[in-house]
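Biologist: I am new to this structure and should be grateful for a close look at a single part of it, the second largest pocket. Please describe its space and its lining, and then what else may be said about the elements around it and elsewhere in the chain.

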Amino acid sequence: MKVTVIGTGYVGLIAGLGFADFGNDVVCLDVIPEKIEALKAGKCPIYEPGAEDLLERSLREGRIEFTTDAAYAIDFGEIIFIAVGTPEDKNGDADMSYVYQTAKEIGMYMNDYKVIVDKSTVPIGTSRIVADIIAKELENRGLEYEFAVTSNPEFLREGHAVGDFQNPDRIVLGVDDIRAEKKLKKLYRVFDRSKKPIIITTPETAEMIKYASNAFLATKITFINEIANLCDMVGANAIEVAKAMGADGRISPKFLHPGPGYGGSCFPKDTKALAHTGRKVGAPMTVVESVIKANMHQKQLAADKIITAMPEGGDIAVLGLAFKPETDDMRESPAITIINALIDSGKFRIKVYDPEAMPTARKILPEEKLIWCNKTKEAIQDVDAIAVITEWTEFRNLDAEYLAEIMPHGKIFDFRHVFDRTEMTDLGLDYYGMGF
């Protein structure tokens with residue numbers, strides 16, 4: 001099939017590469033010439049395991065092309081995916097200006113029947129607005145082409161996006177047009193043999209499914225974080241609590257990992273947007289509102305734990321800046337809150353290191369107030385404490401005896417529980433986790 005993907009950010013690029021790898025002919029459109037030229041040269045603008053290999057293969061096989069020509073891209077695709085950004089606006093809602101501008105351009109350039117698919121995470125009701133915008137542009141042109149606007153939300157985890165696209169738990173299609181439904185089912189026929197569930201519903205329900213899914217996962221993370229905070233106060237072990245809870249088939253162990261709060265491009269933005277929608281229509285999302293506040297508190301709590309344990313300050317290595325491993329994404333990362341709080345205290349000399357997020361971090365954190373390291377070993381030399389913020393594998397593999405040797409009686413702030421507490425304390429290190 002011929003597929004156009006508008007937007008080459010995280011969602012759009014993975015979708016474009018994925019559809020091309022399934023054997024479709026794909027055109028990816030973006031307004032940033034430098035990004036398009038880099039992609040044409042086989043350079044992936046995001047760090048995502050497997051994405052660069054897909055890019056190289058799709059280019060080699062001639063399955064994908066990249067362009068800034070909107071007229072060409074919109075004319076090309078029988079199915080057009082809208083995958084532009086929907087950043088948070090000043091009110092906590094999603095900024096829909098990029099989506100609406102894209103809809104306008106589709107109406108300006110389409111020349112036959114098109115299936116338009118909202119792939120971006122968008123507020124409930126967006127598909128209807130997009131349809132109205134396209135219809136208005138067609139009317140301005142004096143044309144009456146048929147088209148369908150559908151919703152096909154993505155459920156990709158950063159760091160695992162390629163695998164998630166190729167092996168999804170489910171495919172949600174919000175569609176109320178039979179012709180469009182048939183085309184989308186044909187596009188996803190690659191999953192027929194693996195019997196992946198395809199959920200056919202209305203566009204509004206599909207839009208809600210995305211928000212509800214992310215809000216629930218954010219709630220689950222926040223719940224176990226608050227249990228961990230209580231465990232700290234009453235002497236219980238949050239890790240064992242989470243393990244026992246996760247053994248219950250109704251609960252499952254996924255997302256039951258105490259830590260310094262969630263971050264990333266999805267959970268913070270989507271919970272705020274869902275809460276904003278609830279307030280707007282008179283159906284307040286009280287649980288989600290509480291999750292948002294609790295997560296902000298959790299990040300500050302992690303910073304306070306360090307400052308309280310080190311009232312005189314000292315030298316500290318912060319390991320991990322990305323919001324999770326296997327990505328360079330620092331959006332809403334707990335590391336930002338923690339590092340800024342340490343800087344504001346005026347008591348710490350802070351060394352930082354992340355395997356992939358250092359270039360991103362230099363744009364976000366106050367560069368002149370930090371010591372930027374090129375590897376783990378450099379970061380942990382000559383410090384009084386180590387704080388693990390992101391659970392990269394190389395941090396998990398740090399040798400406890402070596403840490404005790406270079407940092408006798410030092411402090412370990414293991415906010416991702418990558419170390420064994422007993423081993424650390426037996427070696428004379430002061431260990432601080434989240435919840436025990």
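**The second largest pocket**

Modeller: The second largest pocket holds about 1,400 Å³ of space; the model in which it is found is a predicted one. Its lining consists of 48 residues, and those that lie nearest the centre of the pocket are G9, Y10, V84, G85 and R331. Four elements each give two or more residues to this lining: α1 (10-21), α5, α11 (267-281) and α14 (358-364). Of these, α5 gives the most, with 5 residues. By residue class, the lining of the pocket divides into 20 nonpolar, 15 polar and 13 charged residues.

Helix α5 spans residues 97-109, and S97 lies in it. The relative accessibility of S97 is 39%, and S97 therefore counts as partly exposed, the class between under 20% (buried) and over 50% (exposed). S97 may also be placed with respect to Y211: the two residues are 114 apart along the chain, and 19 Å separates their C-alpha atoms.

Turning to another part of the chain, strand β7 covers residues 171-174 and strand β8 covers residues 198-201; the two pair in the parallel sense over 4 bridges. Within this pairing, V172 has I199 of β8 standing opposite. Helix α8 (residues 178-187) joins β7 and β8 in making a β-α-β unit, and that unit is right-handed.

Note on methods: Residues are numbered from 1 along each chain as its sequence is written. This is a predicted model: local features need pLDDT of at least 70, side-chain atom pairs count only at pLDDT 80 or more; totals for chains, interfaces and linings use all residues. Side-chain values use heavy atoms; hydrogens and water are left out. Two strands pair if DSSP finds at least two bridges between them. A crossover is right-handed if, with the strands pointing away from the viewer, the path from the first strand over the helix to the second runs clockwise. Buried means under 20% relative accessible area, exposed over 50%, partly exposed in between (1.4 Å probe, protein chains only). On a 1 Å grid over the protein atoms alone, a cavity is a set of points where a 1.4 Å probe fits but cannot get out, and a pocket is an open set with protein on both sides within 12 Å along at least five of seven lines; lining residues have an atom within 4 Å of a point. Grid points are joined across faces, edges and corners, and a volume is the space filled by probe spheres set on the points. Ala, Val, Leu, Ile, Met, Phe, Trp, Tyr, Cys and Pro count as nonpolar, Asp, Glu, Lys and Arg as charged, and the others, Gly among them, as polar.
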